[in-house]
Amino acid sequence: MEEIVNRVANSALQVFDLEDYFPEGPRFTIDVSQWLYEGFVLREKDFREQLKNYDWETYKNGFVALSCSTDAIVPAWAFMLITAYLEPVAQKVFWGTIPQMEIALYQELLQNLDYTAYQDKPVIIKGCSKKPVPQEVYVLATQKLMPIAKSIMFGEACSAVPVYKRK
């Protein structure tokens with residue numbers, strides 16, 4: 001009987017798994033309309049009082065997306081004030097939805113990543129993940145790896161789809 005050889009493990013192929021860079025921590029959404037009169041009108045004195053008395057510890061070490069679910073016109077300073085309360089407890093605060101926040105988190109991570117391990121090597125961007133990796137992040141990863149990698153594939157080593165090959 002012949003020995004089974006893992007050709008993938010013995011190859012120069014580098015796996016780039018976006019899940020490895022997933023920022024750990026709970027995700028939260030704060031709907032600003034909860035502090036507006038009838039969900040639409042910002043009364044500054046009441047707004048400030050509600051924020052002052054709010055339990056911000058709920059968001060400890062979390063990633064927080066700020067939004068407003070109504071058509072209220074909320075001044076920029078209102079989101080800034082909420083951010084001032086969240087900054088000491090949350091890991092990061094964003095304006096927008098949780099999916100938008102996930103993209104922003106990955107953008108920051110991919111911007112600051114050291115890609116030297118992938119220099120002139122064939123790279124496979126792993127396709128299956130247990131954590132939410134937005135489609136946009138695969139596009140960002142491809143853009144970051146193209147100037148570095150010899151080639152880029154998507155998927156798993158057993159069924160990779162060619163994406164890019166340096167000429």
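In this predicted model, Arg27 comes out as buried, because its relative accessibility of 19% falls under the 20% cut-off. Arg27 sits in strand 2, which covers residues 27-31. Its side chain has polar company: it reaches the backbone oxygen of Gly25 at 2.6 Å, and it also makes a polar contact with the side chain of Glu102 at 2.7 Å. Once neighbours within four places in sequence are set aside, the residues in contact with Arg27 are Phe22, Phe63, Ile98, Met101, Glu102 and Leu105. Several names on that list turn up again in the elements described next. Phe63 belongs to strand 3, made of residues 63-67, while Ile98, Met101, Glu102 and Leu105 fall in helix 4, residues 98-111.

The strand that carries Arg27 is part of an open sheet of three strands, ordered 2-3-4 and paired in parallel. Strand 2 and strand 4 are the edges of this sheet; each has a single partner strand, so one side of each goes without a neighbour there. From one strand to the next, the twist averages 25 degrees. Helix 3 packs on this sheet and touches strand 2, strand 3 and strand 4, with its direction at about 160 degrees to that of strand 3. Helix 4 also lies across strand 2, strand 3 and strand 4, in this case running at about 130 degrees to strand 2.

Now for the pairing inside that sheet. Four bridges hold strand 3 (residues 63-67) and strand 4 (residues 92-95) together in the parallel sense. To get from strand 3 to strand 4, the chain passes through helix 3 (residues 76-86), and the resulting β-α-β crossover is right-handed. Two residues of strand 3 illustrate the register: Phe63, one of the contacts of Arg27, has Lys92 as its bridge partner in strand 4, and Ala65 stands opposite Phe94 in strand 4.

Further along the chain, strand 5 (residues 122-126) pairs with strand 6 (residues 151-155), again in the parallel sense, over five bridges. Here Lys126 is found opposite Gly155 of strand 6. Together with helix 5 (residues 135-145), strand 5 and strand 6 form a β-α-β unit that is right-handed. Strand 6 has another pairing, with strand 7 (residues 161-165): these two run antiparallel and are joined by four bridges. The link between strand 6 and strand 7 is a hairpin through five residues, and within this pairing Phe154 stands opposite Val161 of strand 7.

That leaves the cysteines. A disulfide is a covalent bond between the sulfur atoms of two cysteines. A search of the whole structure turns up zero of them. As for exposure, Cys68 is classed as partly exposed, because its relative accessibility is 22%, whereas Cys158 is exposed, with a relative accessible area of 73%.

How values were computed. Residues numbered from 1 in each chain as written. Predicted model: local features only at pLDDT ≥ 70, side-chain atom pairs only at ≥ 80, totals over all residues. Heavy atoms only, no water. Buried < 20%, exposed > 50% of the residue type's maximum accessible area, 1.4 Å probe, protein only. Polar contact = N/O pair within 3.5 Å; in protein donor to acceptor, adjacent residues only side chain to side chain. Contact = heavy atoms within 4.5 Å. Disulfide = S-S within 2.5 Å. Pairing = 2+ DSSP bridges. Right-handed = clockwise from strand over helix to strand, strands pointing away. Axes fitted to C-alpha atoms, helices over the stretch in contact; angles between N-to-C directions.
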